[in-house]
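Me: Could you take a close look at one part of this model with me and follow it outwards through its surroundings? I would like one connected account that I can check against the coordinates as I read.

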Amino acid sequence: MIRQTEFFVYSDKDRKALEKCMELGYEFPEITTWIRASKKDFELVKSIGVKETGILVSCSDYHIFEKMGLNREQALDKYIKIVEMCIESGLKPRCHFEDITRADIYGYVVPFCLELMNLMEEYQIPIKIRACDTMGYGVNFPGAVIPRSVQGIIYAIHTHAGVPHELIEW
């Protein structure tokens, strides 16, 4: 069974497809959305009436420093604000850790996940973590090291950040 399907909400074409699927009224696949970590995208998804949304939270230094022009602290603050806005409006967040196989796992990813787990405890709402291998650099053979080791990334997120297995996606 396909449990969920996600739609981008910032393009008219995708929003129309989402509306057509919602009109069918099916229980499965559950319709979810995917947004950039911006107030504008949040406002779009808030008005749609879905229960869950994915949020792009780029986590490699390349994305944070070069593409977004932020530092790690600024990126984390921006992401946390959007996650809190989602929770406070009744949306379950699913955080897409873009470019995780080029990220500082213990210096950025784990502390970020810890912040999300604090929010999850405070609000009593599940927060999914989706580890996204944007560049396809992840490997699964023994002896591989993070950030390339898929097992190492999942181990760090689960063991050191306390994210329950059922809330981790790859």
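Reply: Happy to. Contact here means heavy atoms within 4.5 Å. Please keep in mind that this is a predicted model.

With that cut-off, a good place to warm up is Thr32, which sits in strand β2, residues 30–36. Beyond residues up to four places away in sequence, Thr32 touches Gln4, Thr5, Glu6, Phe7, Glu52 and Arg94. Thr32 has a relative accessibility of 1%, so it counts as buried. Glu30 is in strand β2 as well, but with a relative accessible area of 21% Glu30 is partly exposed. Apart from residues up to four places away, Glu30 touches Arg3, Gln4, Thr5, Lys51 and Glu52. One of these neighbours is also a polar partner: the side chains of Glu30 and Gln4 make a polar contact at 3.2 Å.

Just ahead of that strand, in the loop between α1 (12–24) and β2, you will find Pro29. The peptide bond leading into it from Phe28 is cis, with omega near -5°. Both residues of that bond are touched by Ile2, again not counting residues up to four places away in sequence. Ile2 belongs to the segment before β1 (4–8), and its relative accessible area of 59% makes it exposed. From C-alpha to C-alpha, Ile2 and Phe28 are 6.8 Å apart in space, although 26 residues separate them in sequence.

Now to the part I would look at most closely, helix α5. A useful bridge is the pair Glu30 and Val110, which lie 80 residues apart in sequence and 29 Å apart in space, C-alpha to C-alpha. Val110 is one of the α5 residues in contact with α6. Helix α5 covers residues 105–123 and helix α6 residues 150–160; their axes come within 9 Å and cross at roughly 45°. The two helices are therefore oblique to each other, and α5 passes α6 in a right-handed crossing. On the α5 side the contact is made by Ile105, Tyr106, Val109, Val110, Cys113 and Leu114, and on the α6 side by Ile153, Tyr155, Ala156, Ile157 and His160. Sorted by class, these comprise 10 nonpolar residues, one polar residue and no charged ones. An α-helix has 3.6 residues a turn, so residues three or four places apart point the same way.

Helix α5 also packs with α4, residues 72–88, at an angle of about 25° and with the axes 11 Å apart. The helices α4 and α5 are therefore roughly parallel, and their crossing is right-handed. From α4 come Arg72, Ala75, Leu76, Tyr79, Ile80, Val83, Glu84, Ile87 and Glu88, which meet Gly107, Tyr108, Phe112, Glu115, Leu116, Leu119 and Tyr123 of α5. That contact divides into 11 nonpolar, one polar and four charged residues.

Back on the α6 side, Val150, Gly152, Ile153, Ala156 and Ile157 are buried. The buried residues of α6 pack against α5, β5 (128–131) and β6 (168–169). Just after α6, Gly162 takes a positive phi of about 75°.

The loops at either end of α5 deserve a look too. Between β4 (92–97) and α5 lies Thr101, which is buried at 0% relative accessibility. Its side chain makes a polar contact of 2.8 Å with the side chain of Asp133. Setting aside neighbours within four places in sequence, Thr101 is in contact with Asp133, Tyr137, Gly138, Pro147, Arg148, Ile153 and Trp170. Among these, Pro147 lies in the loop between β5 and α6, and the peptide bond from Ile146 to Pro147 is cis, with omega near 10°. In the loop between β4 and α5 you will also find Asp99, which has a positive phi of about 65° although it is not a glycine. Asp99 is buried, with a relative accessible area of 0%. In the loop between α5 and β5, Gln124 likewise has a positive phi, of about 55°, without being a glycine. Gln124, however, counts as exposed at 67% relative accessibility.

Methods. Residues numbered from 1 in each chain as written. Predicted model: local features only at pLDDT ≥ 70, side-chain atom pairs only at ≥ 80, totals over all residues. Heavy atoms only, no water. Axes fitted to C-alpha atoms, helices over the stretch in contact; angles between N-to-C directions. Helix = DSSP H or I, 4+ residues; strand = E, 2+ residues; numbered from the N terminus. Parallel < 35°, antiparallel > 145°, perpendicular 65-115°, else oblique. Left-handed = near helix turned anticlockwise from the far one by under 90°. Nonpolar A, V, L, I, M, F, W, Y, C, P; charged D, E, K, R; others polar. Buried < 20%, exposed > 50% of the residue type's maximum accessible area, 1.4 Å probe, protein only. Polar contact = N/O pair within 3.5 Å; in protein donor to acceptor, adjacent residues only side chain to side chain.
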